[in-house]
Amino acid sequence: MADKSNANTEDMSEVEDLAEIARPFHYLSFFQLLQSLITALLLGVVALISLEVLMSPIPESALRPMLIWLALAFFFVVIVVPKNFTLGFLCMLLCQLVAWRIASLYYAYLLSWPLAFAFFVNLIWFLSTIQRNSFETAGRGLTLWQWQLTFFRILVGFVMVPHFTDKLFAGSLPYMEHVEFFSLLGYPDPAMIIDAAGLAELAIAIGIGLGLLTRLSCFFAAAYILFAATLSGALEHGFVSFATAVSWELPLILFASYLSFTTTGGGEFSIDGALRRTGKMPGWIKLLMGDTGLAHNEHVD
């Protein structure tokens with residue numbers, strides 16, 4: 001009974017420590033209000049374009065997904081961020097990046113420039129969160145190198161946003177360009193390949209960029225990069241190929257980057273970290289997440 005009581009006490013202590021680490025993530029203030037206003041404005045503009053009140057080069061097949069992604073961004077920044085900053089911020093960022101990619105593809109400057117500004121606001125918001133968590137928590141926040149890993153994880157995860165957006169959400173024009181490319185390579189059903197690739201890249205953005213079951217996602221992402229590089233012929237052109245602009249330099253970087261996060265997991269600033277702080281995750285789920293508890297063992301000097 002004593003051992004069980006001690007185990008429960010240790011579990012409670014760990015949950016309390018992780019909650020204290022996460023507390024400075026809850027940084028709302030000016031940034032949440034500004035992002036809410038920007039996203040609401042963008043939603044209004046897209047709605048007016050849909051009603052043909054405003055003119056835009058974005059086709060209807062891409063405008064509908066853009067409206068959905070912006071609506072999701074508004075939901076995350078207004079509803080989720082106050083309750084769970086980590087989850088809300090990361091999901092809002094992903095949604096805005098998808099919308100930004102769609103607007104940029106069609107040179108819709110009325111939308112792409114405000115979305116670029118929204119991205120800049122998110123960057124400042126993220127840096128402000130790092131500053132508060134690392135320097136205003138009496139040594140109980142994440143270390144700067146842990147934040148560096150977090151920044152890099154988000155980068156290599158969200159680098160897939162343009163890829164899956166073009167394949168799944170940007171309308172028929174970019175989709176058909178990808179289909180034609182794989183048709184030229186001689187594959188019998190290129191449309192199925194593009195659909196599967198788009199879904200895999202979306203899964204990578206969620207699994208690594210958002211940090212959901214990060215260790216499992218990293219193994220999947222590394223395997224996908226290797227498979228995609230083989231399928232597209234990138235591995236046949238050497239490390240650098242100026243003649244074809246296709247080589248295995250970038251696939252190698254992504255492959256190694258994804259595998260590297262199988263050791264550290266997603267860190268505290270991830271969906272895995274947010275789930276772990278609830279204290280209700282079974283051991284096998286934690287194994288798939290990776291070691292998200294580094295901040296529990298290391299402190300700022």
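Begin by selecting L48, which is partly exposed because its relative accessible area is 35%; the model in the viewer is a predicted one, and this residue belongs to helix α2. Keep L48 highlighted and add L51, V53, L54 and L110, since together these five side chains are the ones to look at next: L48, L51, V53, L54 and L110 make a nonpolar surface patch of about 450 Å².

With the patch still in view, step back to the whole chain and colour it by secondary structure. The protein has 14 helices and zero strands, and reading along the sequence gives the pattern α-α-α-α-α-α-α-α-α-α-α-α-α-α. Of its 301 residues, 47% count as buried, while the accessible surface comes to about 15,100 Å², with 70% of that area belonging to carbon and sulfur atoms. If you draw contacts between residues at least 6 apart in sequence, 74% of them join residues at least 24 apart.

Next, select V78, which lies in helix α3, the stretch covering residues 60–80. Is V78 buried, partly exposed or exposed? V78 counts as partly exposed, because its relative accessibility is 32%. Leaving aside residues up to four places away in sequence, V78 touches Q32 and S36. Add Q35 to the selection as well: the C-alpha atoms of V78 and Q35 are separated by 8.8 Å, although the two residues stand 43 residues apart along the chain.

From here, move to the interior and select I58, M66, F89, L111 and F158, which are the residues with the most contacts inside the largest nonpolar core, a set of 53 residues. The elements that give two or more residues to this core are α2 (29–50), α3, α4 (85–105), α5 (109–135), α6 (144–158), α7 (161–168) and α9 (190–209). Which of the elements gives the most to this core? That is α4, with 13 residues.

Narrow the selection to F89, and show its neighbours beyond those up to four places away in sequence: F89 touches V81, N122, W125, F126 and F269. Apart from the core just visited lies another one, of 14 residues, and a few of its members can be selected as markers, among them M160, Y224, Y258 and F261.

Now select the cysteines C91 and C95. Why is there no bond between the sulfur of C91 and its closest cysteine sulfur? The sulfur of C91 is 6.6 Å from that of C95, its closest cysteine sulfur, and this is too far for a bond, given that a disulfide requires cysteine sulfur atoms within 2.5 Å. Seen from the other side, C95 has its closest cysteine sulfur in C91, again at 6.6 Å and too far for a bond. The structure as a whole holds zero disulfides. C91 counts as buried because its relative accessibility is 9%, and C95 likewise counts as buried, at 3% relative accessibility.

For the last stop, select helix α7 and show its side chains, where V161, F164, T165, D166 and K167 are buried. To see what covers them, display the helices around this one: the buried residues of α7 pack against α4, α6, α8 (172–184) and α9. Helix α4 has already appeared on this tour, as the element that gives the most to the largest nonpolar core.

Note on methods:
Residues numbered from 1 in each chain as written. Predicted model: local features only at pLDDT ≥ 70, side-chain atom pairs only at ≥ 80, totals over all residues. Heavy atoms only, no water. Helix = DSSP H or I, 4+ residues; strand = E, 2+ residues; numbered from the N terminus. Buried < 20%, exposed > 50% of the residue type's maximum accessible area, 1.4 Å probe, protein only. Contact = heavy atoms within 4.5 Å. Core = buried A, V, L, I, M, F, W, Y, C linked by side-chain atoms within 4.5 Å. Patch = residues over 30% accessible without salt bridge, like charges linked within 9 Å, V, L, I, M, F, W, Y side chains within 5 Å. Areas by Shrake-Rupley, 256 points an atom, 1.4 Å probe, with all protein chains shown as cover. Salt bridge = Lys/Arg side-chain N within 4 Å of Asp/Glu carboxyl O.
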